[in-house]
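This briefing introduces one structure to a reader who has not seen it before. Please look over the sequence and the model, then read the notes grouped by topic below.

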Amino acid sequence: MASAKLQALWNHPAGPKTIHFWAPTFKWGISIANIADFSKPPEKLSYPQQIAVTCTGVIWSRYSTVITPKNWNLFSVNIAMAGTGIYQLTRKLRHDYASEANTAVAKE
């Protein structure tokens, strides 16, 4: 039974014999790096980088559901990219706006 499932995966149009498998697999590195940056101070995060990660995740998640063959590896990595990007942007925005609010209160 496992052999049949492995053979089906191997021969799938988006399986390990194609770029459709390897490109999203290596793209996981971006999401993993973004997760590693969760411990980074928010002031060191980059708006352009996180906006790019978020937009890439959102756009390509949608695209991966309309192409043939369906590529669930591509879909899942882009959902992860969108999620980690949104989280990092939220951290950065909260830090920047909380800092501005604290500065404005201190000046009064």
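The expected span of a helix is 1.5 Å times one less than its number of residues. By that rule, H3 with its 20 residues is expected to span 28 Å, and its first and last C-alpha atoms are in fact 29 Å apart, close to that value. The model is a predicted one. The points below deal with helix H2, helix H3, the packing of the two, and the loop that follows H3.

**Helix H2**

- H2 covers residues 19–36, and its 18 residues reach 26 Å from the first C-alpha to the last, close to the expected 26 Å.
- Phe 21, Pro 24, Lys 27, Ser 31 and Asn 34 are the buried residues of this helix.
- Viewed down the axis of H2, these buried residues fall within an arc of 135°, so they line one face of the helix.
- An α-helix has 3.6 residues a turn, so residues three or four places apart point the same way.
- On the face of H2 turned away from the buried side are the exposed residues Ile 19, Phe 26 and Ile 32.

**His 20 in H2**

- His 20 lies in H2 and is partly exposed because its relative accessible area, 41%, falls between the 20% and 50% cut-offs.
- Apart from neighbours within four places in sequence, His 20 is in contact with Pro 13, Ala 14 and Asn 71.
- His 20 and Pro 69 are 49 residues apart along the chain, and their C-alpha atoms are separated by 9.1 Å.

**Helix H3**

- H3 runs over residues 47–66.
- Its buried residues are Gln 50, Val 53, Thr 54, Gly 57, Ser 61 and Ser 64.
- These residues cover an arc of only 110° around the axis, which puts them on the same side of H3.
- The face of H3 turned away from its buried side carries Pro 48, Ile 59 and Arg 62, which are exposed.

**Gln 50 in H3**

- Gln 50 belongs to H3 and counts as buried because its relative accessibility is 2%, under the 20% cut-off.
- Leaving out neighbours within four places in sequence, Gln 50 touches Asn 34, Thr 84, Gly 85, Gln 88 and Leu 89.

**How H2 and H3 pack**

- Two packed helices are described by the angle between their axes and the distance between the axes.
- For H2 and H3 the angle is about 135° and the axes are 12 Å apart.
- The two helices are therefore oblique to each other.
- The crossing of H2 past H3 is left-handed.
- Lys 27, Ile 30 and Asn 34 of H2 make the contact with Gln 50, Val 53, Thr 56 and Trp 60 of H3.

**The loop after H3**

- Thr 68 is in the loop between H3 and helix H4, which spans 72–107, and Pro 69 is in this loop too.
- Thr 68 counts as exposed because its relative accessibility is 79%, over the 50% cut-off.
- The peptide bond joining Thr 68 and Pro 69 is cis, with omega about 0°.
- Thr 68 and Met 81 are 13 residues apart along the chain, with 22 Å between their C-alpha atoms.

Note on methods: Residues are numbered from 1 along each chain as its sequence is written. This is a predicted model: local features need pLDDT of at least 70, side-chain atom pairs count only at pLDDT 80 or more; totals for chains, interfaces and linings use all residues. Side-chain values use heavy atoms; hydrogens and water are left out. Helices (H or I, at least four residues) and strands (E, at least two) are DSSP runs, numbered from the N terminus. Buried means under 20% relative accessible area, exposed over 50%, partly exposed in between (1.4 Å probe, protein chains only). Contact means heavy atoms within 4.5 Å. The arc is that of the directions from the helix axis to the C-beta atoms. Axes are lines fitted to C-alpha atoms, for helices over the stretch in contact, and angles run from 0 to 180 degrees between N-to-C directions. Angles under 35 degrees count as roughly parallel, over 145 as roughly antiparallel, 65 to 115 as roughly perpendicular and the rest as oblique. A crossing is left-handed if the near helix is turned anticlockwise from the far one by less than a right angle, and right-handed if clockwise.
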